[in-house]
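Let's take a friendly walk through this structure, from the overall fold down to single residues. Keep the 3D view open as you read.

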Amino acid sequence: MALTVFLIGITRPYTWTDEGVTYITVHRTWGQLVTLWHGSDAPLLPYYLVTKAWLDVWGWIGGPGVTLLRIRALS
């Protein structure tokens, strides 16, 4: 059983999970992002702010898939 679990990769994180969370988070307004400073996401706030600025420069055009590629390129 353990060999099967290892071979199918169930222990690996899903591809794009981190970028997906970032994608959802940076859809907030700048003011809403700053309020994350008081929560558990405070260590990630600088990354979210840079990512939001990055996407504002390169645009949100192209749908979620293209936006995720832009986020991954930044990270």
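## The overall fold

How many helices and strands does the secondary structure of the protein chain come to? In this predicted model, the chain has 5 helices and 0 strands. Reading along the sequence, you meet them in the pattern α-α-α-α-α.

The protein chain has 75 residues, and 24% of them count as buried. If you take contacts between residues at least 6 apart in sequence, 46% of these join residues at least 24 apart.

## Helix H4 and its two sides

A good place to begin is helix H4, which covers residues 45-58. This helix has 14 residues and reaches 20 Å from its first C-alpha to its last, close to the 20 Å expected at 1.5 Å a residue. Five names are worth marking in your viewer: Leu45, Tyr48, Thr51, Lys52 and Leu55 are buried in H4. They lie on the same side of H4, because they cover an arc of only 120 degrees around the axis. A general point about helices helps here: an α-helix has 3.6 residues a turn, so residues three or four places apart point the same way.

Turn to the other side of H4 and you will find Val57 and Trp58, which are exposed. The buried residues of H4, for their part, pack against helix H2 (17-25), helix H3 (30-34) and helix H5 (63-74). Just after H4 comes Gly59, with a positive phi near 90 degrees.

## A closer look at Leu45

Is Leu45 buried or exposed? Leu45, which sits in helix H4, has a relative accessibility of 5%. Buried means under 20%, so Leu45 counts as buried.

Which residues does Leu45 touch, not counting those up to four places away in sequence? The partners are Leu33, Val34, Leu36 and Trp37. You can also check the spacing to Thr25: Leu45 and Thr25 are 20 residues apart in sequence, and their C-alpha atoms are 9.9 Å apart in space.

## The nonpolar core

In soluble globular proteins, nonpolar side chains tend to be buried together. Here the largest nonpolar core has 9 residues in all: Tyr23, Val26, Leu33, Leu36, Leu45, Tyr48, Leu55, Leu68 and Ile71. H4 and H5 each supply at least two residues of this core, and H4 gives the most, with 3 residues.

Tyr23 is one of the core residues. Leaving aside neighbours within four places in sequence, Tyr23 is in contact with Pro64, Thr67, Leu68 and Ile71.

## How H2 meets H4 and H5

Two packed helices are described by the angle between their axes and the distance between the axes. For H2 and H4, the axes come within 10 Å and cross at roughly 70 degrees. That angle makes H2 roughly perpendicular to H4. On the H2 side, the contact is made by Val21, Thr22 and Thr25; on the H4 side, by Tyr47, Tyr48 and Thr51.

What angle do H2 and H5 pack at? The value is about 110 degrees, with the axes 10 Å apart. Angles of 65 to 115 degrees count as roughly perpendicular, and H2 and H5 are therefore roughly perpendicular to each other. In this pair, Glu19, Gly20, Thr22 and Tyr23 of H2 meet Pro64, Thr67, Leu68, Ile71 and Arg72 of H5.

Technical notes: Residues numbered from 1 in each chain as written. Predicted model: local features only at pLDDT ≥ 70, side-chain atom pairs only at ≥ 80, totals over all residues. Heavy atoms only, no water. Helix = DSSP H or I, 4+ residues; strand = E, 2+ residues; numbered from the N terminus. Expected span 1.5 Å × (residues − 1). Buried < 20%, exposed > 50% of the residue type's maximum accessible area, 1.4 Å probe, protein only. Arc of directions from axis to C-beta. Contact = heavy atoms within 4.5 Å. Core = buried A, V, L, I, M, F, W, Y, C linked by side-chain atoms within 4.5 Å. Axes fitted to C-alpha atoms, helices over the stretch in contact; angles between N-to-C directions. Parallel < 35°, antiparallel > 145°, perpendicular 65-115°, else oblique.
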